[in-house]
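Reader: I would like to go through the fold and a few backbone details of this model. Please start with the sheet.

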Amino acid sequence: MSGADPYARLAGVYDEIVVDPCYGRWAAFMHELWAADATGVRTVLDVCCGTGLMASELIALGYRVAGVDASEAMLARARRLLGPDAVLVRETLPDLTIDAVFDAAVSTFDGLNYLTLTGLRATLVALGDRLRPDGWLVFDVHTDAMMEFTMANPVVEGEADGQRFAITSVVDARARTCDSRIEVTRNSDGDAFTEHHRQHFFTDGQIRGALAVAGFEVVAVTDEYAHEPVDGSTLRATWTARRG
């Protein structure tokens, strides 16, 4: 993840028009998962933490959370949400210079889909170095069903919090990439901006291989932060792994 900040303007309206109110449910799933750890999970690294919504939910459950993200604009909004004492560091994956060892690491809302396969492999290795033995890694990624859904629905339009938005996506199924153009217009004065984002779709085998090389053992692959296994209709798969 490099180059210009793809969230420079989107950060200001991200929570209102992009994110659905899912983080409480997702945090509860992790809390239940980690409750079975005899060693205990107290510290969590939130990778691609964005505006801090997941960190906020985990902090409310009693965890000590540090967040890293490549976007300074997103981190600025996270600081406003979490307060001046929050540990929030600008990091561009796969680089992870944060100097700490955590009980668990999470990456939510398809943050890792912004990486190439090479970047994913290197990022998982870096995360393994930041986790204690038997530490947890929980992350979600888009599935082939999501790739097919996006191809069938290339334009998504809507309005929220006084903003009109249109997301136009072009999927290259052979390259397993998705290029999206996000256009946002403020109703009150017509102020508008456009941002471009690229994501990658990974196969099950690619993810399992990258986890194995990084020293992780897969615990489960389930439908979006639930206990049901993935199936052909799953759009967002949740991967749970532990450092070997």
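Reader: In what order do the seven strands of the open sheet lie?
Author: This is a predicted model. The sheet is open and its pairing is mixed. Strand 3 (87-90) and strand 10 (216-223) are its edges, each pairing on one side only. From one strand to the next the twist averages 15°. The order is 3-2-1-4-5-11-10.

Reader: Do strand 4 and strand 5 run parallel or antiparallel, and which residue of strand 5 stands opposite Val106?
Author: Strand 4 covers residues 102-107 and strand 5 covers residues 131-142, with five bridges joining them. The two strands run parallel. Opposite Val106 stands Val138.

Reader: At what angle to strand 5 does helix 2 run?
Author: Helix 2 (residues 23-34) lies across several strands, including strand 1 (43-47), strand 4 and strand 11 (236-243). Strand 5 and strand 10 are also among those it crosses. Its angle to strand 5 is about 150°.

Reader: Which two residues does a cis peptide bond join?
Author: The proline concerned lies in the loop between strand 3 and strand 4. Omega is about 15° at this bond. The pair is Leu93 and Pro94.

Reader: Is Cys48 buried or exposed?
Author: Cys48 is found in the loop between strand 1 and helix 3 (53-60). Its phi is positive, about 60°, although Cys48 is not a glycine. The relative accessible area of Cys48 is 16%, and buried means under 20%. Cys48 is therefore buried.

Reader: What is the relative accessibility of Arg176?
Author: Arg176 lies in the loop between strand 7 (163-172) and strand 8 (177-186). Arg176 is not a glycine, yet has a positive phi of about 60°. Arg176 counts as buried, with a relative accessibility of 16%.

Conventions. Residues are numbered from 1 along each chain as its sequence is written. This is a predicted model: local features need pLDDT of at least 70, side-chain atom pairs count only at pLDDT 80 or more; totals for chains, interfaces and linings use all residues. Side-chain values use heavy atoms; hydrogens and water are left out. Two strands pair if DSSP finds at least two bridges between them. Helices (H or I, at least four residues) and strands (E, at least two) are DSSP runs, numbered from the N terminus. Axes are lines fitted to C-alpha atoms, for helices over the stretch in contact, and angles run from 0 to 180 degrees between N-to-C directions. Contact means heavy atoms within 4.5 Å. Buried means under 20% relative accessible area, exposed over 50%, partly exposed in between (1.4 Å probe, protein chains only).
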